[in-house]
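Here is a short set of exercises to work through with the model open beside you. Try each task on your own before you read the solution.

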Amino acid sequence: MGAFSRQRFFQELAHGCLLPTAQQGLEQVWQLLVICLLCRLLWMLGLPSFVKHLSTVAGGFYTLYLFFELHMIWVVLLSLLCYLFLFLCRHSTIRGTFLSITVLIYLLLGELHMMDTTNWHKMRGSQMVVAMKAISLAFDLDRGVVASVPSPIEFMGYIYFVGTVIFGPWISFNSYKEALEGRKLSLAWLWKVSVSWVKSQVCLVISNCVAPYLFPYFIPVYGDKLLR
């Protein structure tokens, strides 16, 4: 009976969680990967910088709409607030600290008052990415790593960089500018992208299926209730 229960447990885990999670992960990511590839190919054409920034903004907006639909406006409002702050305080030397406080207040208001909890939590990851980018830019301006406040199109291109606007990670403004240079594609680059995607899928499956199910199975804190 124990062997049968164990076998049934793993079968249900595979068909009820592992495969659906991997499939849903692919369904959510494939359009994002295509947009990233299109932007990468566009940047290799030697177009003017403002065209590259515009393409990044367009790709970022489309991606935000795919994931959040009209609720993306809250991410846009945060980015506009951050740029307005940086522009008005462009002669200050403590922009990083003040912007951190401003962003914290905005996020707390959003969490507690501005919209329903369910939709806000869906966007919380993107909100944090936008916040980290804007705050890091403010500190780079304070330290002189970035010479001056970027133009609106440069700032929005950085904030809505399609490769990071949904899932992250945070990148610096200088790293974003390097990405726009449009380095040549290679088999090594394609292999690195493929390996990174496989790793992300594995991490998604582990966090969603393996960790919450197998940990109590092998360490039966609650006895054998999982198998009944």
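**Exercise 1. Find which helices each supply at least two residues of the lining of the largest pocket, and describe the pocket.**

Step 1. The helices are α1, α7 (173-179) and α8 (187-218). Helices here are DSSP runs of H or I with at least four residues, strands are runs of E with at least two, and both are numbered from the N terminus.

Step 2. Helix α1 gives the most to this lining, with 12 residues.

Step 3. The space in the largest pocket comes to about 1400 Å³. Of its 37 lining residues, Leu 33, Cys 36, Gly 163, Val 193 and Ser 196 are the closest to the centre. A pocket is an open set of points on a 1 Å grid over the protein atoms alone, where a 1.4 Å probe fits, with protein on both sides within 12 Å along at least five of seven lines; lining residues have an atom within 4 Å of a point. Grid points are joined across faces, edges and corners, and the volume is the space filled by probe spheres set on the points.

A word on the source: this is a predicted model, in which local features need pLDDT of at least 70 and side-chain atom pairs count only at pLDDT 80 or more, while totals for chains, interfaces and linings use all residues. Residues are numbered from 1 along each chain as its sequence is written, and side-chain values use heavy atoms, with hydrogens and water left out.

**Exercise 2. Place Thr 21 and Trp 30 in the fold, and decide for each: buried, partly exposed or exposed?**

Step 1. Trp 30 lies in helix α1, which spans residues 2-43, and Thr 21 has its place in helix α1 too.

Step 2. Thr 21 is buried because its relative accessibility is 7%. Buried means under 20% relative accessible area, exposed means over 50%, and partly exposed is in between, with a 1.4 Å probe and protein chains only.

Step 3. Leaving out residues up to four places away in sequence, Thr 21 touches Leu 204, Val 205, Asn 208 and Cys 209. Contact means heavy atoms within 4.5 Å.

Step 4. Trp 30 has a relative accessible area of 46%, so this residue counts as partly exposed. Trp 30 belongs to a nonpolar surface patch with Leu 26, Val 34, Leu 37, Leu 38, Leu 41, Met 44 and Leu 185, and together they have about 690 Å² of accessible area. Patches are made of residues with over 30% relative accessible area and no salt bridge; like charges are joined within 9 Å, and nonpolar side chains (Val, Leu, Ile, Met, Phe, Trp, Tyr) within 5 Å. Accessible areas come from the Shrake-Rupley method with a 1.4 Å probe, and for residues only the protein chains shown count as cover.

**Exercise 3. How many salt bridges does the whole structure hold, and where do the partners lie?**

Step 1. A search of the whole structure gives 3 salt bridges. Each has a side-chain nitrogen of Lys or Arg within 4 Å of a carboxyl oxygen of Asp or Glu.

Step 2. Arg 95 and Asp 142 pair at 3.1 Å, N to O. Arg 95 is in helix α4 (residues 95-114) and Asp 142 in helix α5 (residues 117-143), so this bridge ties together parts 47 residues apart in sequence. Arg 95 is buried at 6% relative accessible area, while Asp 142 is partly exposed at 24%.

Step 3. Glu 111 and Arg 124 meet at 3.2 Å, N to O. Glu 111 lies in α4 and Arg 124 in α5, so the pair links parts that are 13 residues apart in sequence.

Step 4. Arg 143 bridges to Asp 140, with the closest N and O atoms 2.7 Å apart. Both residues lie in helix α5, 3 residues apart, about one turn of the helix. An α-helix has 3.6 residues a turn, so residues three or four places apart point the same way. Arg 143 is exposed at 58%, whereas Asp 140 is buried at 8%.

**Exercise 4. List the buried residues of helix α6 and name elements that cover them.**

Step 1. In α6 (residues 152-159), the buried residues are Phe 155, Met 156, Gly 157, Tyr 158 and Ile 159.

Step 2. Their cover includes α2 (49-68), α3 (73-88), α5 and α7.
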